[in-house]
Amino acid sequence: MLVDLTNDESDWGFGLCFDYLRNVKGKKWNHKRVYRIYTELSLNLRIKPRRRLNRHKPEPLKEPIKPNQVWSIDFMHDQLSNGRTIRLFNVIDDYKREGLVIEPGYSFPTSRVLRSLNQLIEWRGKPLAIRCDNSPEFISHEFVKWANKSDIRIEYIQSGNPQQNGYVERFNKTVRYGWLSKKLFDSLEEVSDYAAKWLWRYNYERPHKANNGFPPLKAA
């Protein structure tokens, strides 16, 4: 089971593997026993540790205490097999780090960002605040006007300080190393289909350290 799991989730270390077996699959195996088998199979050698640099530790983000308190939004970039550049618009609820949207597109003008957010609000309700960087789509008059009309506060991070939007940045990293950099897609439709399936797995089956090892939608 460990070998199959590490083959499927090559970016997972022992911590996520153990949390998945215990909290998702319900296996009550002893931590030391599982780790002993993990090392005997040399699975601990799959991921080469990076050299850590001494950096100023940023002030931690405030933890939301309920859903729809703060959403974080951001863009990612990638390419299709034909070399054409695509963008992914990602939205998470900072509470329990639930993934809400991964929407791919060739371009994302403000009007499309608002359409995606309005569709999300229709079934989920609106957030009190949205945290974002200073991308042109987010500082546009259209976006600010929409937020004011919807009574949603915009929390802009400082330029050059992505750690201030750390929750969605960490989500982006998980998307990047979990599947986006592993696969080559031929079309936006393929990206969209895969993203939808992966998002379900992320919310229901992927352990998250912020949730004490439980997936976002299974955390207490």
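## Rings, charges and a buried helix

Arg97 lies over the face of Tyr167, at 3.8 Å from the ring centre. A charge is taken to sit over a ring if NZ of Lys or CZ of Arg is within 6 Å of the ring centre and within 35 degrees of the ring normal.

The model is predicted: local features need pLDDT of at least 70, side-chain atom pairs count only at pLDDT 80 or more, and totals for chains, interfaces and linings use all residues. Residues are numbered from 1 along each chain as its sequence is written, and side-chain values use heavy atoms, with hydrogens and water left out.

### Helix α2

Helices (H or I, at least four residues) and strands (E, at least two) are DSSP runs, numbered from the N terminus. Helix α2 spans residues 14-24, and 9 of its 11 residues are buried, so the helix is largely enclosed by the rest of the structure. Here, buried means under 20% relative accessible area, exposed over 50%, and partly exposed in between (1.4 Å probe, protein chains only). The buried residues are Phe14, Leu16, Cys17, Phe18, Asp19, Tyr20, Leu21, Asn23 and Val24. Their packing partners are α1 (2-8), α3 (31-40) and α8 (188-204), where contact means heavy atoms within 4.5 Å. After α2 comes Gly26, whose phi is positive, near 75°.

### Aromatic pairs

A pair of aromatic rings is described by the distance of the centres and the angle of the planes. Rings of Phe, Tyr and Trp (its six-membered ring) pair if their centres lie within 6.5 Å; planes under 30 degrees apart count as stacked, over 60 as edge-to-face and the rest as tilted. The structure holds 17 aromatic pairs. One of them joins Phe75 and Phe138, which are stacked at 5.2 Å centre to centre with 5° between the planes. Phe75 belongs to strand β1 (residues 70-79) and Phe138 to helix α5 (residues 136-139), so this pair ties together parts that are 63 residues apart in sequence.

A tilted pair is formed by Trp179 and Tyr194, with 5.2 Å centre to centre and 35° between the planes. This pair links distant parts of the chain, as Trp179 is in helix α7 (residues 166-180) and Tyr194 in helix α8, 15 residues apart.

Phe75 also takes part in an aromatic cluster together with Phe89, Phe108, Phe138, Phe143 and Trp146. In addition, Arg87 lies over the face of Phe75, at 3.9 Å from the ring centre.

### Salt bridges

Side chains of opposite charge can pair when their charged atoms come close. A salt bridge is counted when a side-chain nitrogen of Lys or Arg is within 4 Å of a carboxyl oxygen of Asp or Glu. By this rule the count comes to 12 salt bridges.

Asp19 of the enclosed helix is bridged to Lys209 at 2.8 Å, N to O. The two residues come from distant parts of the chain, with Lys209 in the segment after α8 and Asp19 in helix α2, 190 residues apart.

Asp93 and Arg124 form another salt bridge at 2.9 Å, N to O. This pair too links distant parts of the chain: Asp93 is in strand β2 (residues 85-93) and Arg124 in helix α4 (residues 110-124), 31 residues apart.

Glu155 and Arg153 meet in a salt bridge at 2.7 Å, N to O. Both residues belong to a network of salt bridges that also includes Asp94 and Arg131.

### Accessibility of the paired residues

The table lists the residues of the aromatic and salt-bridge pairs described above.

| Residue | Relative accessible area | Class |
|---|---|---|
| Phe75 | 9% | buried |
| Phe138 | 0% | buried |
| Trp179 | 0% | buried |
| Tyr194 | 29% | partly exposed |
| Lys209 | 53% | exposed |
| Asp19 | 11% | buried |
| Asp93 | 0% | buried |
| Arg124 | 19% | buried |
| Glu155 | 24% | partly exposed |
| Arg153 | 47% | partly exposed |

The bridge to helix α2 therefore has an exposed partner in Lys209 and a buried partner in Asp19. In the bridge between strand β2 and helix α4, Asp93 is buried and Arg124 is buried as well.

### A nonpolar surface patch

Val3, Ile37 and Leu41 form a nonpolar patch on the surface, with about 210 Å² of accessible area together. Patches are made of residues with over 30% relative accessible area and no salt bridge: like charges are joined within 9 Å, and nonpolar side chains (Val, Leu, Ile, Met, Phe, Trp, Tyr) within 5 Å. Accessible areas come from the Shrake-Rupley method with a 1.4 Å probe; for residues, only the protein chains shown count as cover. Ile37 is located in helix α3 and is partly exposed, with a relative accessible area of 31%.
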